[in-house]
Amino acid sequence: MQRTNQSSFEWLIQQETTHLKQADVAVDATGFYPLSVSSYYCLRYLKGICRRKYVKLSVLIDVKTQLILSTKTRLSPAHDNLDFKCLIRKCKIKILSCRADKGYCAFKNYEFLYQLGIRPLIPAKKNIHKRRLLMKRVAEDFNEKEYHQRSKCETVVGSLKVKFNARLLAKRTVMQKKEILIKCVVYNLDRLVILNLSFCCRGILQSPITKKFKKPKF
């Protein structure tokens with residue numbers, strides 16, 4: 001693991017999504033905690049003093065398939081906007097629209113997406129100046145129903161932590177980042193298996209052989 005670069009794991013994530021030609025994406029960030037002691041130990045013996053540093057994972061997912069398209073890891077606390085452009089640039093698939101919460105609301109993010117021909121679905125903050133032509137265009141392109149598909153990104157992050165644990169066993173920051181990327185690679189493999197099984201089941205149910213059978217009467 002020490003000899004393997006982080007770029008190799010990112011390349012594996014890209015190879016797992018090569019079958020996608022275009023995608024509607026969503027962006028979100030979450031934290032993985034390297035501290036393995038319990039909260040009771042912190043309160044009882046450390047008097048509530050715990051390490052606040054954690055490893056942040058920013059993900060770009062496909063809304064339809066819930067696959068991870070690109071990732072960015074860093075030692076936090078840090079603002080979410082720092083990794084937004086990097087996630088978009090790493091994605092090798094054509095992006096049609098991008099969903100994110102108000103934490104990613106910034107003029108530079110809107111301009112960056114429009115330059116790439118991507119439709120931004122990021123709600124504007126109340127304190128932002130709305131008289132600019134850019135913000136008028138953002139308000140016209142915004143759709144509340146399509147924006148709420150951003151919650152699927154939280155579903156991906158939740159399943160990633162539940163299936164593969166939110167705690168990190170590695171001690172060094174470099175190894176912790178690699179551990180998170182491995183979890184993303186395995187999550188995509190697990191998701192691809194589920195998608196293939198659902199596709200096969202759908203094909204069996206829609207086949208002409210199963211249509212000949214009548215439903216039993218109860």
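The following exchange covers a helix pair and a cavity in this predicted model.

User: Why are α4 and α5 called roughly perpendicular to each other?

Analyst: Helix α4 (residues 107-115) packs on helix α5 (residues 133-141) at an angle of about 70 degrees. Angles of 65 to 115 degrees count as roughly perpendicular, and α4 and α5 are therefore described that way. Their axes lie 11 Å apart, and the crossing of α4 past α5 is left-handed.

User: What makes the contact between α4 and α5?

Analyst: From α4 come Phe-107, Tyr-110, Glu-111 and Tyr-114. From α5 come Leu-134, Met-135, Arg-137, Val-138 and Asp-141.

User: How do you know how many residues of this contact are nonpolar, polar or charged?

Analyst: Phe, Tyr, Leu, Met and Val count as nonpolar, while Glu, Arg and Asp count as charged. The contact of α4 with α5 thus has six nonpolar residues, three charged and no polar ones.

User: How many cavities of 30 Å³ or more does the whole structure hold?

Analyst: The search finds one. The largest cavity has a volume of about 40 Å³, set against the cut-off of 30 Å³ used in the search.

User: What makes up the lining of the largest cavity?

Analyst: Its lining residues are Glu-10, Ile-13, Gln-14, Leu-69, Ser-70, Thr-71 and Lys-90. Both α1 (6-15) and β3 (68-76) supply at least two residues each.

User: Which kinds of residue are found in that lining, nonpolar, polar or charged?

Analyst: Ile and Leu count as nonpolar, and Glu and Lys as charged. The lining of the largest cavity divides into two nonpolar, three polar and two charged residues.

Conventions. Residues are numbered from 1 along each chain as its sequence is written. This is a predicted model: local features need pLDDT of at least 70, side-chain atom pairs count only at pLDDT 80 or more; totals for chains, interfaces and linings use all residues. Side-chain values use heavy atoms; hydrogens and water are left out. Axes are lines fitted to C-alpha atoms, for helices over the stretch in contact, and angles run from 0 to 180 degrees between N-to-C directions. Helices (H or I, at least four residues) and strands (E, at least two) are DSSP runs, numbered from the N terminus. Angles under 35 degrees count as roughly parallel, over 145 as roughly antiparallel, 65 to 115 as roughly perpendicular and the rest as oblique. A crossing is left-handed if the near helix is turned anticlockwise from the far one by less than a right angle, and right-handed if clockwise. Contact means heavy atoms within 4.5 Å. On a 1 Å grid over the protein atoms alone, a cavity is a set of points where a 1.4 Å probe fits but cannot get out, and a pocket is an open set with protein on both sides within 12 Å along at least five of seven lines; lining residues have an atom within 4 Å of a point. Grid points are joined across faces, edges and corners, and a volume is the space filled by probe spheres set on the points.
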